[in-house]
Amino acid sequence: MKQLFSAFYRKLEETDMRFERYLKSQIDWNNRLTAITGARGTGKTTMLLQHIKEQYGNSPQNVLYVSLDNIYFSTNNLYSLADDFYSLGGKELYMDEVHKYPAWAQEIKNIYDDFPTLKIVFTGSSMLQIFKANADLSRRVRHFQLFGMSFREFLIFEGLLEKSQQPFSLEEILENHISISQKLMQEITPLPAFQKYLQFGYYPYYKEDINGYGERVLQTFNTIMESDLPNVESIDFYSVNRIKKLFYILSEMVPFTPNISQLSQMVDVTRQSLMNYLQLLEKAHTVLLLKQKATGMRQMVKPEKIYLQNTNYSYALSAENPETGNLRETFFFNQLQHNHQVTYNDQTDFCIDNKYFFEIGGKNKNSRQIKDLSNAYLALDGLTTGFRNEIPLWLFGFLY
């Protein structure tokens, strides 16, 4: 255990406190059992360490952070660690990358039951099926999901916007977008920053090497497919390669209106396997599936459109600049899906919460397509300030 504490203290000393992800302030850290899931690279580990450092400093005695891919767990089990830690007066145990540990759900459930004053926080892949892993565990846990950076967070991370700038609700933007954008433009010049965000602003690690960022995005995808996916799902090497092939085919076609039979032939898998692979890519936060409003079994039908999960993927996979219309729609879908239901509508690009209708385009796009719809809006790229139902596209990056 000594080596785990030494590694933990080193991490705390190196943890930068200058920028915090949106989710940190939303989590009730007093819960006895908390789960945080999210895509690789979104900042889960840093968020845990920031919370610990903020509350307890660089060398807490009764708090321990461990990553479950540590070599320590090749010869030691998690329950025994918790037992030893608890006997030494341990109060809070933070566990990272639980999907790398076999039988994690059962052992965490046993720890929760057997050490009643121990507070437990764990993180895992966005693919982790927490509420299916163990029924008893799912009834006990509070679950939070971390998405990539919003445009608002990117501006703060870049030092272009005050940390105190809070998100706006969708209703606030729809009703007050002119005054909101005018106030924000006293502090920022949104359009140049927005173009940078589309290219490299979704994952916080872009700061480490902007020039090599696109390559690292693709390396992250490969790690998700080759390491995280097999650890979470019962899936073989053949299937992993087919899923990767599917992703790269989709990247050349998005936004793609899928012909499932044709696509399954291109990937050389059955129709059912293809549908399963699409679901896995969605769970891994690598694609967005735009579906009809549906309930029950209808949710299993094919999506109406497929997008890459964020615009940074588009740039990383494109030999040349990605198609502008695709970038705009991907950004809008990506930012709205955090707190809202985004569904397909045959009259407009998107329907939000079964109430609002949106067409996405450039600043010269007219409203002819939505003139007969109520609660219909244009989200337009290239605008700094809107007018009536025409809203700057970048402003939807302030929703979280």
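Colleague: Which residues is Leu317 in contact with, once its neighbours within four places in sequence are left aside?

Modeller: In this predicted model, Leu317 is in contact with Leu218, Phe247, Tyr248, Ser251 and Leu308. A contact here means heavy atoms within 4.5 Å. Leu317 itself has its place in helix H14, residues 311-317.

Colleague: With that list of partners, what makes Leu317 buried, exposed or partly exposed?

Modeller: Its relative accessible area is 22%. Buried means under 20% and exposed means over 50%. The value for Leu317 falls between those cut-offs, so Leu317 counts as partly exposed.

Colleague: And how far apart are the C-alpha atoms of Leu317 and Glu162?

Modeller: They are separated by 32 Å, and the two residues are 155 residues apart along the chain.

Colleague: Let's try Lys119. What decides whether Lys119 is called buried or exposed?

Modeller: Again the relative accessible area, which is 17% for Lys119. The cut-off for buried is under 20%, so the 17% of Lys119 makes it buried. The place of Lys119 is in strand S4. Beyond its neighbours within four places in sequence, Lys119 touches Trp29, Asn30, Asn31 and Arg32, and also Lys91, Glu92 and Leu93.

Colleague: Strand S4, you say. Which elements give two or more residues to the lining of the largest pocket?

Modeller: S4 (119-125) is one of them, along with helix H1 (2-14), helix H2 (44-56), strand S2 (63-67), helix H7 (151-157) and helix H10 (213-232). That pocket has a volume of about 1,100 Å³. It is lined by 41 residues, and the closest to its centre are Gly43, Thr46, Pro204, Tyr205 and Glu208. By class, the lining has 16 charged, 16 polar and nine nonpolar residues.

Colleague: H1 and H2 also pack together. Why is H1 called roughly perpendicular to H2, and not parallel?

Modeller: Their axes are 9 Å apart and the helices pack at an angle of about 85°. Roughly perpendicular covers 65 to 115 degrees, and the angle of about 85° lies in that range, so H1 is roughly perpendicular to H2. On the H1 side, the contact is made by Phe8, Lys11, Leu12 and Glu13, and on the H2 side by Leu49, Ile52 and Lys53. That contact has four nonpolar, three charged and no polar residues.

Colleague: Now H12 and H13. How do you know whether they are parallel or perpendicular?

Modeller: Same kind of test. The axes of H12 and H13 (residues 271-283) cross at roughly 90° and come within 9 Å. With 65 to 115 degrees as the range, that crossing puts H12 and H13 roughly perpendicular to each other. From H12, Ile260, Ser261, Leu263, Ser264 and Val267 take part, and they meet Arg271, Leu274, Met275 and Leu278 of H13. The contact of H12 with H13 divides into six nonpolar, two polar and one charged.

Colleague: What sort of peptide bond joins Val254 and Pro255?

Modeller: A cis peptide bond, with omega at about -10°. Pro255 lies in the loop between helix H11 (237-251) and helix H12 (260-267).

Colleague: And what makes the phi of Asn354 worth pointing out?

Modeller: Phi of Asn354 is near 55°, a positive value in a residue other than glycine. Asn354 is in the loop between strand S9 (350-352) and strand S10 (356-362). Asn375 also has a positive phi, about 55°, although it is not a glycine. Asn375 lies in the loop between S10 and strand S11 (376-381).

Colleague: How do you know whether those two are buried, partly exposed or exposed?

Modeller: Asn354 has 38% relative accessibility and Asn375 has 35%. Partly exposed runs between 20% and 50%, so both Asn354 and Asn375 count as partly exposed.

Colleague: Last one. How many cavities of 30 Å³ or more are there, and which residues line the largest cavity?

Modeller: The count comes to one cavity, and the largest has a volume of about 30 Å³. Its lining is Tyr197, Tyr202, Asn310, Thr311, Thr330, Phe331, Asn334 and Gln335. Helix H15 (residues 324-336) gives the largest share, four residues. By class, the lining of this cavity has five polar, three nonpolar and no charged residues.

Methods: Residues are numbered from 1 along each chain as its sequence is written. This is a predicted model: local features need pLDDT of at least 70, side-chain atom pairs count only at pLDDT 80 or more; totals for chains, interfaces and linings use all residues. Side-chain values use heavy atoms; hydrogens and water are left out. On a 1 Å grid over the protein atoms alone, a cavity is a set of points where a 1.4 Å probe fits but cannot get out, and a pocket is an open set with protein on both sides within 12 Å along at least five of seven lines; lining residues have an atom within 4 Å of a point. Grid points are joined across faces, edges and corners, and a volume is the space filled by probe spheres set on the points. Ala, Val, Leu, Ile, Met, Phe, Trp, Tyr, Cys and Pro count as nonpolar, Asp, Glu, Lys and Arg as charged, and the others, Gly among them, as polar. Axes are lines fitted to C-alpha atoms, for helices over the stretch in contact, and angles run from 0 to 180 degrees between N-to-C directions. Angles under 35 degrees count as roughly parallel, over 145 as roughly antiparallel, 65 to 115 as roughly perpendicular and the rest as oblique. Buried means under 20% relative accessible area, exposed over 50%, partly exposed in between (1.4 Å probe, protein chains only).
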